[in-house]
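Trainee: I should like to learn how to read the packing, the strands and an annotated site in a model of this kind. Could we take the features one at a time?

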Amino acid sequence: MLMRKVPVFVPASPWGLRLPQKFLFLLFLSGLVTLCFGALFLLPNSSRLKRLFLAPRTQQPGLEVVAEVAGHPLAREQESPPNPAPAVPAPGEEDASSQANARRRKGWLRRTHPTGTREMATAARSSGSAALRPQEPSIPFSFDFHAFQSRLRHPVLGTRADESKEPQSLVRAQREKIKEMMQFAWQSYKRYAMGKNELRPLTKDGYEGSMFGGLSGATIIDSLDTLYLMQLQDEFQEAKAWVEENFHLNVSGEASLFEVNIRYIGGLLSAFYLTGEEVFRIKAIKLGEKLLPAFNTPTGIPKGVVNFKSSNRSWGWAMAGSSSILAEFGSLHLEFLHLTELSGNQVFAEKVRNIRKVLRKIDKPFGLYPNFLSPVSGNWMQHHVSVGGLGDSFYEYLIKSWLMSAKTDVEAKDMYYEALEAIETHLLNVSPGGLTYIAEWRGGILDHKMGHLACFSGGMIALGAEDAKEEKRARYRELAAQITKTCHESYARSDTKLGPEAFWFNSGREAVATQLSESYYILRPEVVESYMYLWRQTHDPIYREWGWEVVTALEKYCRTEAGFSGIQDVYSSIPNHDNKQQTFFLAETLKYLYLLFSEDDVLSLEDWVFNTEAHPLPVNHSDSPGRGGGQL
């Protein structure tokens with residue numbers, strides 16, 4: 001008892017605390033630990049802390065896919081790689097056994113479905129692009145580029161790929177001249193405007209414009225396949241390096257859905273198919289995903305303008321924002337099917353197939369397709385029909401969808417020939433001077449004019465003549481030749497031998513512009529495009545003669561000290577330049593001229609179709625038209 005009264009003999013804790021105090025301290029400490037671990041497991045965004053405390057598990061599915069892309073130069077951009085959504089089974093492939101059969105087919109594009117830890121990848125998509133939940137798996141996608149190449153029926157650059165071994169000839173000299181023009185246009189752009197969208201050759205600077213929503217380098221991406229085709233290897237590597245290091249997609253402006261698709265998406269897709277370089281595939285898919293919000297309409301018909309940051313709308317002049325334009329929403333099919341083929345993401349193909357569905361259901365006046373459609377109601381907004389601007393490439397993409405599918409897309413074929421018959425019945429005319437032209441139709445009243453943009457139609461009709469009804473084939477070949485002749489006349493009747501933006505057939509004047517506002521030439525390609533197709537169909541030397549006239553005129557009137565420029569009046573022999581080297585001059589005009597003077601197996605039409613910006617996309621030579629992919 002003495003010991004309890006004397007404090008010095010009372011046992012103490014190691015921290016100098018009495019027993020009750022020690023009990024209270026331990027109680028507090030246990031509560032703190034419980035609170036911390038509860039926060040660790042219950043609060044959001046705690047995955048990093050969990051990795052500090054939890055034992056490592058088997059690698060999450062798909063992480064190696066991300067790692068592979070992370071090693072790619074694209075990782076410098078702080079952009080996640082494209083992550084395809086789970087493939088939706090094609091009709092007739094709903095059950096597991098049919099899916100297995102689909103994988104065993106000898107397809108044009110070979111998909112790999114690995115097992116184990118490489119079976120699925122996890123990703124979250126941005127809004128408007130068929131978003132996946134963060135935990136939802138997606139199937140890794142593999143493209144067998146060598147298998148794709150083996151299915152091509154001709155070498156991409158033809159059997160005479162080594163031009164140094166080709167005998168000297170007039171045609172080779174002409175082709176070399178066109179190549180020099182391309183090299184000059186590229187070097188001028190590189191010197192004065194590298195990274196900008198277009199070159200202004202008179203002021204020797206670059207121009208961004210407002211069509212691309214903050215995207216840059218339009219000339220670079222539009223030029224990739226032309227540089228490759230002409231074997232300008234150093235220039236191609238310069239362009240590729242820029243895409244790898246400087247082509248950023250984190251932009252937030254308003255862009256034309258149509259222009260971004262045909263120039264950027266088309267250019268990147270063709271560059272990938274020509275080279276197999278992953279940078280082009282990845283960029284194309286990610287940019288395609290940024291276009292998907294434009295389709296968020298009641299009908300699924302996309303608006304003409306996509307806001308990369310938020311909403312979407314149509315061009316202000318297109319019926320006060322209430323209409324979408326036929327040539328724009330109708331010229332997505334080729335590129336979007338290839339985006340599905342290269343990503344495994346069915347959303348791209350579904351979007352353009354829905355457009356077809358809407359167009360098939362809606363009534364067409366006299367079988368014609370008006371230029372303006374409401375994306376809200378799905379009704380035509382006015383009855384203006386044109387095979388030129390506002391309508392043109394819609395018809396082109398129908399016949400090319402048929403060809404790109406290796407002639408399995410019967411719906412596209414039927415739509416094309418039905419539309420062509422309506423055009424022939426209601427729009428086709430012959431002038432008093434014997435010139436065949438396609439007029440414009442406004443509610444039953446004809447405007448007797450053709451736009452330069454409509455001059456592609458000669459080549460289109462020639463391209464589709466072979467698959468027309470037998471009794472129509474000769475007629476369509478002749479019609480193609482006659483329309484192309486009319487477009488040549490619009491060139492031949494000007495002082496510069498270059499064609500105006502539009503030309504009329506009235507008041508005794510034929511194939512000429514009637515006002516200054518239609519007399520300009522902006523380096524457009526449509527006439528030489530038709531020359532190229534007619535040459536390959538007929539080998540009539542007149543088309544090469546006419547093509548060389550264009551080369552001569554371009555050199556004389558459009559070449560400046562620092563690039564090529566459009567001119568404001570084709571009827572003046574003293575050129576007044578517009579100070580703009582259009583991207584499509586490098587993508588289309590020079591490419592079609594080069595092909596006009598090349599062998600037929602260079603970018604053979606058996607293997608390739610050209611999008612409306614002249615970017616070659618491959619024909620599906622698969623033996624399995626029922627694949628679960630894009631079914632090109």
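Trainee: Which residues have the most contacts inside the largest nonpolar core?

Mentor: A nonpolar core is a set of buried residues such as Val, Leu and Phe, joined through side-chain atoms within 4.5 Å. In this predicted model, the largest such core has 160 residues, and Leu 215, Val 243, Phe 247, Leu 498 and Leu 554 have the most contacts inside it. The greatest contribution to this core is that of helix 10 (residues 257-275), with 12 residues.

Trainee: With which residues is Leu 215 in contact, leaving aside its neighbours within four places in sequence?

Mentor: Its contacts include Phe 247, Leu 249, Val 251, Val 260, Leu 287 and Phe 308. Asn 197, Glu 208, His 248 and Tyr 264 are also in contact with Leu 215.

Trainee: Why is helix 17 described as largely enclosed by the rest of the structure?

Mentor: A residue is termed buried when its relative accessible area is under 20%. Helix 17 (residues 457-465) is largely enclosed because 9 of its 9 residues are buried. Among them are Gly 458, Met 460, Ile 461 and Leu 463. The buried residues of helix 17 pack against helix 15 (392-404), helix 16 (410-426), helix 18 (470-492) and helix 19 (526-538), as well as strand 13 (436-438) and strand 16 (449-451).

Trainee: In what order do the strands of the open sheet that contains strand 16 lie?

Mentor: The order is 16-17-18, with antiparallel pairing in this sheet of 3 strands. Strand 16 and strand 18 (509-512) are at the edges and have a single partner strand each, so each has one side without a neighbour in the sheet. On average, neighbouring strands are turned by 10 degrees against each other, direction ignored. Strand 16 is joined to strand 17 (residues 502-506) by 3 bridges, and Gly 451 has Ala 502 in strand 17 as its bridge partner.

Trainee: Which helix lies across these strands?

Mentor: Helix 18 lies across strand 16, strand 17 and strand 18, and runs at about 105 degrees to strand 17.

Trainee: Which residue does the UniProt annotation "binding site" cover, and is that residue buried or exposed?

Mentor: An annotation of this kind may be inferred rather than shown by experiment. The unreviewed UniProt entry gives "binding site" for Thr 612. Thr 612 is placed in the loop between strand 21 (608-610) and strand 22 (616-618). With a relative accessible area of 17%, Thr 612 is buried. The side chains of Thr 612 and Glu 396 are joined by a polar contact of 3.0 Å. Thr 612 also touches other residues, including Phe 258, Ile 262, Tyr 397 and Glu 588.

How values were computed: Residues numbered from 1 in each chain as written. Predicted model: local features only at pLDDT ≥ 70, side-chain atom pairs only at ≥ 80, totals over all residues. Heavy atoms only, no water. Buried < 20%, exposed > 50% of the residue type's maximum accessible area, 1.4 Å probe, protein only. Helix = DSSP H or I, 4+ residues; strand = E, 2+ residues; numbered from the N terminus. Contact = heavy atoms within 4.5 Å. Pairing = 2+ DSSP bridges. Axes fitted to C-alpha atoms, helices over the stretch in contact; angles between N-to-C directions. Polar contact = N/O pair within 3.5 Å; in protein donor to acceptor, adjacent residues only side chain to side chain.
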